[in-house]
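Hi,

Here is the structure I promised to pass on. Have a look at it first, and my notes follow underneath.

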Amino acid sequence: MKFLSRQEEIVLLSIWHLKGNAYGVTIREHISELTGKYWSIGAIYVPLDRLWEKGLVETYQGPAEKKRGGRSKRYYQITPEGMKLLQEIKQVQKVFWKGFPKVMAE
Amino acid sequence: MRRATDGPPRLAQRLLQRFCGPRNRPIIAGDFAEIHGDLLERRGRTVADLWYWGQVIKSFPAFVRNAFFWSLVMFRNYLIVFGRNFSRHRLVSLINLGGLALGMGCCLLISLWVLDELGYDRFHASAERLVRIESDESYSGTVRHGIGTPIPLAAAMEKEIPEVEYATRFSRFGGLQLAIGETSFFEESVFAADPSFLGMFSFPLFGGNPETALSSPLSILITKRMAEKYFAGADPVGKTIRAENRFDLTVTGVLGNPPANSTLQFDWIVPFVFVESRLQRMPEGWVNAVSTYARLRPGASSAIVAGKIDALVRPHLGPGEKNTYSAMPLTRLHLFFQTGRGLLERAVDYVYVYSLIGLFVLLIACINFTNLSTARSAERAREIGLRKVVGANRGNLIRQFYGEALIIVTAALAIAVGMTALLLPSFNAVTRKQLSWGVLAAPGTLAAMAGIVLLTVLLSGSYPAVFLSRLRPAGILRGNRGAGFGKASFRKALVVAQFAMSILLLIGTFAVLGQTRFLQTADIGFDRDRLILLPLRGDVAKSFEALKTEFSRLPGIGGVTAMSRRPNMIGDFADDADWEGKDPGRRIRVVFASVEYDFVETVGLKLAAGRDFSPDRPAERESGFLVNEEMARLVDRPNALGARLSLLGRQGTIIGVVKNFHFQPLDQKIEPLVLLPAPNANWLGNIVVRLGPGDQGAALAGLKDAWKRVLPGYPCEYFFVNEDFARFYQRENQMGRLLKFFTALAVAIACLGLFGLASFIAEQRTKEIGIRKVLGASVTNIVFDLSKESGLLALAACLPAWPAAYLLTRAWLNGFAYRTNPGWPVFVLAGLAAGAIAFATAGWQSLKAARANPAETLKYE
């Protein structure tokens, strides 16, 4: 089983969440909302490129849009391997997190 | 900031694009644009733009880190490797450097020359609108092109042709005798011009009003150098100069010296009205007699102006006369329509020839570089292999090798600039240019240098870069040396090319030198040794008879006569001739010259029939003509003697026929010529004196004394006809000398390359030579074996070189009506010389290798 960095994991999960509408801007917004922290664009693209290299996501090009200065979007989609890996990670994590208290016992 | 849409700031966009990696470029830019748009909607333009710029600034450090840091690291590595290679093969590297420096130095010198030639007359403020009016006179069958135009043309053009802003006559009229205070002197470089002259050209005027400086007939403008010469620091403006002992001219201004690259060269300018009204009787009507220059209005077409001039002149032409005019741009005059020697020369041909020579020399040097680099490829193959293995792609390697070429070429340029600076004074002396060291920093020169560097890097570095970067690491690293050893056949082809160019230059040099020698030594139909000319200026001509009497009495004088111009350059004064039996429909102009008694004998012409003019037959002074054989042929009678002829309004008969002689430079055919006795002293320009055998110095001293006795107050000047010849063929002489220099250099550079290559090959084959020697080969065997190839390559170079040389020399020689063609021995000799030089160069190097003790060479591992 491959391991993912925490960032990669978060990005991959966001892509799954966003379903068909996952591209740079939406992924960043999604993550920023959920974590409550500022994520720079670079912080999104580095893990995205890495995921792509590992074959966990695939991309397709959208049409050019006026809103984007005539440039197109690159949409991301999880590949079956990506889905499989996410499931495995969830499995493993469940085992690791089992019994962890929700509230710290003082 | 201007922007087309509501998008982010343009500059910021462009920067951001630059900073992003190429894969993500459009996508990321799109994301940024979208976020920017979002912010724009929610928080306004300022926030959005600020945010965008913030992104740009944030991405900058990473970009710098990626782009520069790593390339700096690699660059340092390239430099180290370059330095190691340079010092490991010091000889070959120095040959490369030296060859390139020599080649580029040549190129630089030639560029300076070419730039100077191309820059003629461009210093005028509106140079592109200045034109010279030129004329074409049609006669039966021939058109004579010249720069003569009608005297009233300039004024008429200014008045009648709206496209003409200014027009001026500008003509030299034979010089003036001038006097400032007590000093009297004669100046030739005196021109007559109209007031418009100062308005249309950009010759600076000091201490005078350009509007009025030429308005009053009794005014004169002088150049700075003349002001310094005759007024020694004092301000000449307002001073009086006496001309021809009759007219008091006031200096109305001092003109800046005409720059060396100006077609118009003058030292004194007087108003044309002065010459016209007081000094000389001008031909009447609309005869083509003076030069006319004009400045057109912006946008005016010179063709239309020329058409309008034709229309202006047409009503004034006599029946049967057909003259047309053209307006030649001033900036093209020097290159295309020079009026030297009384004919039109194309300097641009010499620009092409010299550029070609420069390119050849540079190419030869570049080939050295290419050959030596690829020959060494075996040495570098491992480095290349390793670089590829650790991840260098072809682009990196190509850049590396171009970079190495650039370093060497830049170093060579520094040497070349130094060399050029050192050679500049001698180069000026040969080419008669006045290039100063300042031109080395002129923008044109810097551009030329950049061009030369770029060209050299491309020419010399391309093959090594492409070839070396293509090597396959697997083969090299396995130790398969053969795979990386460069294509020997390609190197051979390049050596052949080098020698072909050298042979071409050699043959060209032989041809040019042969023709120059021919021009100066050819039989021109009269004896030019010990023949001197004394210019008769102004009033001096009136004393010719007295001078002749005095001169004839002196010992060591073989003969004395006088004539309008010079026997070797009679000029192109011509008039319509008519004779018995001439087809009345044909209009034929014939060149004429006026002469004095004893002309035939003094100059040394040979009479084909009849006799010379003689004081014993005074009637012939009014009605006799001497003609040359060409003219006799034109008259076309079994015996031209006694034929009636009329010329210049004189009716007379032909009393003698002289054998043809060259009264024009040898690039022109001998034309029909008529000699007639000078109607008065104004027709005489030079005394011609033949010195006898005996002491030349004493004879000259005698002449000077006699002159002083007759004309105390007038300086005695003289020159030898032979010197005049050298001046005539300056351009050819110059080309001969430059070609000699550049050819020697080209051959030397080619040999340098061959030397490097031979030493390299000898080094490669050290072991082989050792084994051969052990097996019994003699030193001679080995030397011959190693160097015969070089000799053969040089001989093979003859194949392309011969036809090219034949065509090029023929094209150049075709410009001369009389010429020597280089015979086949010249071609063979050039080829053999190249072969021998190549053989010797390679042989010398292989001798060293062949002499080595095999015991030493074979144990080196």
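Which residues of S14(B) are buried on one side and which on the other? B:Thr292, B:Ala294 and B:Leu296 lie on one side, with B:Tyr293 and B:Arg295 on the other, so both faces of the strand are covered. Here, buried means that 20 or more other C-beta atoms lie within 10 Å of the residue's own, with C-beta atoms placed from the backbone; 12 or fewer would make it exposed, and anything in between partly exposed. In a regular strand the side chains alternate between the two faces of the sheet.

Some housekeeping: this is a predicted model, in which local features need pLDDT of at least 70 and side-chain atom pairs count only at pLDDT 80 or more, while totals for chains, interfaces and linings use all residues. Residues are numbered from 1 along each chain as its sequence is written, and chains are lettered from A and ligands numbered from 1 in the order in which they are written.

Back to strand S14 (residues 292-296) of chain B: five of its five residues are buried, so the strand is largely enclosed by the rest of the structure. Helices (H or I, at least four residues) and strands (E, at least two) are DSSP runs, numbered from the N terminus. S14(B) runs antiparallel to strand S1 (residues 130-138) of chain B, joined by four bridges, and antiparallel to S4(B), joined by five. Two strands pair if DSSP finds at least two bridges between them. B:Ala294 is the bridge partner of B:Val131 and also of B:Ala167.

Strand S4 (164-172) turns up again at helix H8 (residues 272-279) of chain B, where S4, S7 (190-193) and S12 (268-271) are among the elements that cover the buried residues. Those buried residues are B:Phe272, B:Phe274 and B:Val275. They sit on the same side of H8(B) because they cover an arc of only 165° around the axis, taken from the directions from the helix axis to the C-beta atoms.

Finally, the packing. The largest nonpolar core (buried Ala, Val, Leu, Ile, Met, Phe, Trp, Tyr and Cys residues joined through C-beta atoms within 7 Å) has 95 residues, and B:Met104 and B:Phe499 are among those touching the most other members. Helix H23 (residues 730-764) of chain B gives this core its largest share, 17 residues. A second, separate core of 58 residues includes B:Met631 and B:Leu673.

Enjoy exploring!

How values were computed: Two residues are in contact if their C-beta atoms, placed from the backbone, lie within 7 Å.
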